[in-house]
Amino acid sequence: MELPQKSGRPSLSLSCCLCVFLLQLQAAWMGDCPADGRTWVPFQDRCYHFVHGEEDKLKVYNFEAAKSLCPKSELLSIQSADENDFVVKYSPEVWKGEVNLWLGMYYDTNSEGMMWLDEEPVKFTNWEPGSSPSDFVPMETCVALHSDTGKWERVSCLDDIENGIVCETAQTADAKQKGNAVLSVLVILSVFVIMAVSAVLWFLYQRQHPGSSIITAFEYHPPFRAPNADRSCLVDAEEFDGGA
């Protein structure tokens, strides 16, 4: 009795190839976080450093002192609800209990409104209920984020002190490394396309020739050849002489 052939190996190979392709694609377009000896956490296209441990000597800071702990970076700026949720969810990994985080926001006299330290306009907000814009003099108004709720509160840049600092910077990518990663993605994509086309052709062949193996699919079958005219005449002559 002929055993049924195992199926699924082509699909498994295609799945593995697709997985590798996606990992290479992610590596090609994602950058790197700073290598300055501090712990940076990547999220989307940004990097975040939650100040803690020996670096967090004073435990509480005013706005200017908080900015000084973020050299070559900026205090935390929140551009979306996803980013706000990321900070709230990751904070317990660093600090215990509720922490009030300084946000890198200040009052811009030119636009007469709040602005991020990286000069980006404030598009997303998450104010806590009852947070009134008129609580402080505009020039002295800063913002803190409550790690337990994710809500924002207006605080004084001069008088208030907070106990949480998060530094933020953009991810960077070396041009040569990124080019090599893109080339690897293109190679893997080409292999994936070839394997996919081969799988489709093999599937169509199996439908037309059920039960055949991959070896028989490529067996050499010599074409039919009709006998040439001279040999045909010789055979006819021999048959005629024999009959005589």
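In what order do the strands of the open sheet of four run? Keep that in mind as you load the structure, which is a predicted model.

**Stop 1: the whole thing**

Show everything as a cartoon first. You should find six helices and nine strands. Of the 244 residues in the protein, 29% are buried. Now switch on the surface: the protein exposes about 16,400 Å², and carbon and sulfur atoms supply 59% of that area. Here's one more thing to know before zooming in. Take the contacts between residues at least 6 apart in sequence: 70% of them join residues at least 24 apart.

**Stop 2: the four-stranded sheet**

Back to the opening question. Select β1, β2, β9 and β3, because that is the order of the strands in this open sheet, and their pairing is antiparallel. Strands of a sheet pair through backbone hydrogen bonds, either parallel or antiparallel.

Which strands sit at the edges? Color β1 (41-43) and β3 (74-75): these are the edge strands, and each pairs on one side only. Next, pick out residues 166-170, which make up strand β9. β9 and β3 pair in the antiparallel sense over two bridges. To see where they face each other, show Leu-75, which stands opposite Cys-167 in β9.

Now add helix α3, residues 81-90. This helix packs on the sheet and touches β1, β2 (46-50) and β9. Turn the view until you can compare directions: α3 makes about 150 degrees with β1.

**Stop 3: the disulfides**

How many disulfides are there? Select the cysteines and look for sulfur-to-sulfur links: the count is three. If you number the bonded cysteines in sequence order, they pair up as 1-2, 3-6, 4-5. Let's visit each pair.

Start with Cys-33 and Cys-47, whose sulfur atoms are 2.1 Å apart. The torsion about their S-S bond is about -90 degrees, so this disulfide is left-handed. The two cysteines come from distant parts of the chain, 14 residues apart: Cys-33 is in the loop between α1 (9-29) and β1, while Cys-47 is in strand β2. Is Cys-47 buried or exposed? Cys-47 is buried, with a relative accessible area of 0%. Its partner Cys-33 has 24% relative accessibility, so Cys-33 counts as partly exposed.

Next, select Cys-70 and Cys-167, joined with an S to S distance of 2.0 Å. You have already met Cys-167, the residue opposite Leu-75. This link is left-handed too, with -80 degrees about the S-S bond. Follow the chain from one cysteine to the other and you'll cover a separation of 97 residues, from Cys-70 in the loop between α2 (63-68) and β3 to Cys-167 in strand β9. Both Cys-70 and Cys-167 are buried.

For the last pair, go to Cys-142 and Cys-157, with an S to S distance of 1.8 Å. Why is this disulfide called right-handed? The torsion about the S-S bond of Cys-142 and Cys-157 is about 105 degrees, so the disulfide is right-handed. Cys-142 lies in strand β7 (residues 141-146) and Cys-157 in the loop between β8 and β9, so the bond ties together parts that are 15 residues apart in sequence. Cys-142 is buried at 0% relative accessible area, and Cys-157 is buried at 13%.

**Stop 4: a serine at the end of β8**

Step back one residue in the sequence and select Ser-156, part of strand β8 (residues 152-156). Ser-156 is buried, with a relative accessible area of 3%. Show side chains here. What does the side chain of Ser-156 reach? Look for the backbone nitrogen of Asp-159, at 3.1 Å.

**Stop 5: a buried tryptophan**

Finish at Trp-116, in strand β6 (residues 113-116). Trp-116 is buried, with a relative accessible area of 0%. Which residues does Trp-116 touch, leaving out those up to four places away in sequence? Show its surroundings and you'll find, among them, Leu-76, Ile-78, Leu-103, Met-105, Pro-121, Val-122 and Trp-152. Tyr-106 is also in contact with Trp-116. Try the distance tool on this last pair: Trp-116 and Tyr-106 are ten residues apart in sequence and 6.3 Å apart in space, C-alpha to C-alpha.

Definitions and conventions:
Residues numbered from 1 in each chain as written. Predicted model: local features only at pLDDT ≥ 70, side-chain atom pairs only at ≥ 80, totals over all residues. Heavy atoms only, no water. Buried < 20%, exposed > 50% of the residue type's maximum accessible area, 1.4 Å probe, protein only. Polar contact = N/O pair within 3.5 Å; in protein donor to acceptor, adjacent residues only side chain to side chain. Pairing = 2+ DSSP bridges. Contact = heavy atoms within 4.5 Å. Axes fitted to C-alpha atoms, helices over the stretch in contact; angles between N-to-C directions. Areas by Shrake-Rupley, 256 points an atom, 1.4 Å probe, with all protein chains shown as cover. Disulfide = S-S within 2.5 Å.
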